[in-house]
Amino acid sequence: MRVNDYYYQQLQNEYAITYRNIYDCLKNHSFHCKAPFIDGNKLRNVFGNVIDDHPELYYVSSKVKGGARSSGGSKFLELGFEELYQIDQRKIDKEISRVVNDISLKAKGKSELEQHMLILDYLIENVTYEINNVFNQNAASAIYYHKAQCSGISAAYKLIADSLGLFALIASSSSNESGVMMPHAWNIVQIDGLYYHIDATSVIGRNKNKEKPYSYKNAFCSDEFFRVNHILQPGWPKCTDTKYERLSEFNGNKTSVLKEICSFYELRSYLTEQVKAHEKNVTFYYKIDMAPALFESSLANSIKSVFLNLQIPLKSASFSKSGYEVQIQLVY
């Protein structure tokens with residue numbers, strides 16, 4: 001199995017065998033399977049592990065038929081699964097390949113953080129949150145039909161991350177919806193060896209107008225930040241790092257929240273929008289620690305890159321930095 005098959009790695013051997021039997025059948029589009037006997041509750045968990053580890057199995061319904069059988073004095077499971085999207089599978093696979101290839105091209109040379117931002121950008125721009133439909137529970141509903149609920153959005157996120165070689169798992173639990181705890185799903189990802197929560201459904205909701213620069217609040221968060229509104233499970237990787245958290249912060253006498261920037265990829269997008277709007281003074285809050293010399297050279301290169309891409313002559317650019325607040329003065 002793959003390194004990204006997180007839930008498989010947590011299973012004891014007897015359950016891991018049942019997992020492999022089910023997965024081998026489903027990946028080959030065989031919807032009848034024999035597997036070693038385990039009790040019904042554990043079977044549901046193992047089947048859920050298979051689907052969470054493998055969002056590419058979008059064509060498999062959550063319903064499992066069949067049960068225990070006996071032969072020669074030993075018990076085994078004889079299972080049947082329901083197939084979804086029989087007519088559209090070829091079209092869905094083609095669209096998934098197109099999306100993955102497109103994002104892969106954009107991801108070349110970018111950091112792991114920037115690649116995860118590319119996935120979020122795709123979901124913001126292409127997926128609408130919708131509930132009460134069985135087809136909104138998987139990756140195909142998000143990528144092909146462009147409508148999904150949290151389980152489908154988190155499955156699409158993992159499918160794309162897997163294709164890029166990024167670590168991501170689906171985290172299914174509960175979150176606070178208007179004071180009521182409701183079932184919810186999101187992702188836990190790994191960036192430079194550290195783990196972070198990403199609630200892509202929340203990110204989509206915060207960017208309904210689809211206007212850049214996008215807000216990534218509730219993405220790249222620690223356990224401490226997330227457990228305020230989410231129920232965390234003990235078996236998940238620990239998310240202890242806080243450097244990418246997008247917390248609302250006010251600056252001195254300003255009455256508005258500064259734009260938070262957590263990568264130079266996002267900064268270039270933000271600068272592009274500001275220049276298009278004819279802004280000459282751009283202020284933002286940069287929340288990643290880095291050496292001053294590296295920051296200055298990266299900032300200068302980002303400014304040059306934006307003006308080159310926009311084909312606008314830049315006469316001069318200067319900046320001042322106070323803590324994490326950065327002010328850029330542009331002449332063009």
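## Strand pairing from β6 to β9

In this predicted model, E177 has V180 of β7 as its bridge partner. That bridge belongs to the pairing of strand β6, residues 168-177, with β7, which is antiparallel and has 10 bridges.

Strand β7 covers residues 180-191 and also pairs with strand β8, residues 194-198. The sense is again antiparallel, over 5 bridges. Two positions show how these strands face each other: I188 is opposite H197 in β8, and N187 is opposite I198 in β8. The hairpin of β7 and β8 has 2 residues between the strands, and D192 there takes a positive phi near 50°.

Strand β8 is joined in turn to strand β9, residues 219-221, by 2 bridges, and the two run antiparallel. Here I198 stands opposite A219 in β9. I198 therefore appears in two of the facing positions described: N187 is across from I198 in β8, and A219 of β9 is across from I198 as well.

The pairings are listed below.

| Strands | Sense | Bridges |
|---|---|---|
| β6 and β7 | antiparallel | 10 bridges |
| β7 and β8 | antiparallel | 5 bridges |
| β8 and β9 | antiparallel | 2 bridges |

How values were computed. Residues numbered from 1 in each chain as written. Predicted model: local features only at pLDDT ≥ 70, side-chain atom pairs only at ≥ 80, totals over all residues. Heavy atoms only, no water. Pairing = 2+ DSSP bridges. Helix = DSSP H or I, 4+ residues; strand = E, 2+ residues; numbered from the N terminus.
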